[in-house]
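Let's take a stroll through this model, starting from the sheet and ending with the charged pairs. Have the viewer open as you read.

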Amino acid sequence: SALLFIFPIHLVFIFLKNLLYDFKIIQPVKINSTVISVGNVALGGTGKTPTTISIANFLQKKGFTIGIVSRGHGRKNGSKSFLVEDQHWRECGDEVVLLKNNLHPKIYVYVSQNKIFASKQLSDMGCNIILLDDGFQHRKIHRDIDIVLLGPENHIKKRQFIYPYGLL
C-alpha cells in the first residue's frame with residue numbers, strides 16, 4: 001500500500017526525465033554501431049529473448065557481425081561486466097545461457113548493467129549491429145531501431161494501466 005502512495009511521485013520523475021530527452025536537453029550516447037532495442041511496455045514475458053535470438057541469427061546469416069547486450073537477470077555478480085564465453089548460469093543469468101545456447105557461435109553476448117559500456121565494448125570488437133535485450137526504457141543510449149513487443153494480455157482493458165495498477 002505504501003507503493004501506491006509513492007507511485008504518483010515516481011510518474012512525475014519518469015515524465016520529467018522523458019521530457020528532458022524529448023526536448024534534447026539530455027542527449028543519448030551514440031555508439032559507432034547500429035543499435036536495435038528489443039523491449040516491451042508490459043510486465044512479464046512477451047518473448048523478448050526469443051525475438052532477440054531470431055533477429056540476431058537472421059542478421060548474422062546476412063553477413064553482419066552481431067553483439068547482444070543483456071543485463072543478466074538473476075545472476076549473482078550483478079555489478080560485474082563481461083563477455084560471455086562459458087560461464088555458469090549463476091554467474092551470467094539464465095536468460096544469457098538461453099541466448100548463448102540458441103545463437104550462432106560467432107554472435108557475441110556481453111553482460112552488463114551498463115548498456116553504454118557494453119555496447120562500446122562490442123562496437124570496439126567489430127560488431128556493426130548491437131541488440132539490446134530489454135532496452136526500450138533505457139534512454140541513455142541512442143537507439144536506431146526500437147522493436148516493442150506486446151503480449152495478448154495487453155488487450156484486456158482493465159490491465160492497460162501503469163504498474164502497480166496494471167501490467168504496463
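A residue is called buried here when its relative accessible area is under 20%, exposed when over 50%, and partly exposed in between. Keep in mind that what you're looking at is a predicted model.

With that cut-off in hand, go to Ser 37, which sits in strand β1. Its relative accessibility is 0%, so Ser 37 counts as buried. Who does Ser 37 touch, leaving aside residues up to four places away in sequence? The list is Leu 132, Gly 135, Phe 136, Arg 143, Ile 145, Asp 146 and Ile 147. There's a polar touch as well: a polar atom of the Ser 37 side chain lies 3.4 Å from the backbone oxygen of Gly 135.

Now zoom out to the sheet. It is open, has six strands with mixed pairing, and runs in the order β3-β4-β2-β5-β1-β6. That puts β1 between β5 and β6 in the order. The edges are β3 and β6, each of which pairs on one side only. Over at the β3 edge, two bridges join β3 to β4 (residues 108-111) in the antiparallel sense. If you want a spot to click on, Phe 82 has Val 111 of β4 as its bridge partner.

On to the charges. Side chains of opposite charge can pair when their charged atoms come close. How many salt bridges does a search of the whole structure find? It turns up four; let's visit three, starting with two residues you've already met.

Arg 143 and Asp 146, both contacts of Ser 37, form a salt bridge with each other at 2.6 Å, N to O. Arg 143 has a relative accessible area of 18%, so it falls under the 20% cut-off and is buried. Asp 146, at 36%, counts as partly exposed.

Next door in sequence numbering is Asp 144, whose side chain meets that of Lys 30 in a salt bridge of 3.5 Å, N to O. Asp 144 belongs to the loop between β5 (129-133) and β6 (145-149), and Lys 30 to the loop between α1 (2-22) and β1 (34-40), so this pair ties together parts that are 114 residues apart in sequence. Asp 144 is partly exposed, with a relative accessible area of 36%.

Last stop: Glu 91 and Lys 80, whose closest N and O atoms are 3.2 Å apart in a salt bridge. Glu 91 is in helix α3 (residues 89-92) and Lys 80 in the loop between β2 (66-70) and β3 (82-83), eleven residues apart. Both partners are partly exposed: Glu 91 has a relative accessible area of 27%, and Lys 80 has 41%.

How values were computed. Residues are numbered from 1 along each chain as its sequence is written. This is a predicted model: local features need pLDDT of at least 70, side-chain atom pairs count only at pLDDT 80 or more; totals for chains, interfaces and linings use all residues. Side-chain values use heavy atoms; hydrogens and water are left out. Helices (H or I, at least four residues) and strands (E, at least two) are DSSP runs, numbered from the N terminus. Buried means under 20% relative accessible area, exposed over 50%, partly exposed in between (1.4 Å probe, protein chains only). A polar contact is a pair of N or O atoms within 3.5 Å; within protein, one must be able to donate a hydrogen and the other to accept it, and residues adjacent in sequence count only if both atoms are side-chain atoms. Contact means heavy atoms within 4.5 Å. Two strands pair if DSSP finds at least two bridges between them.
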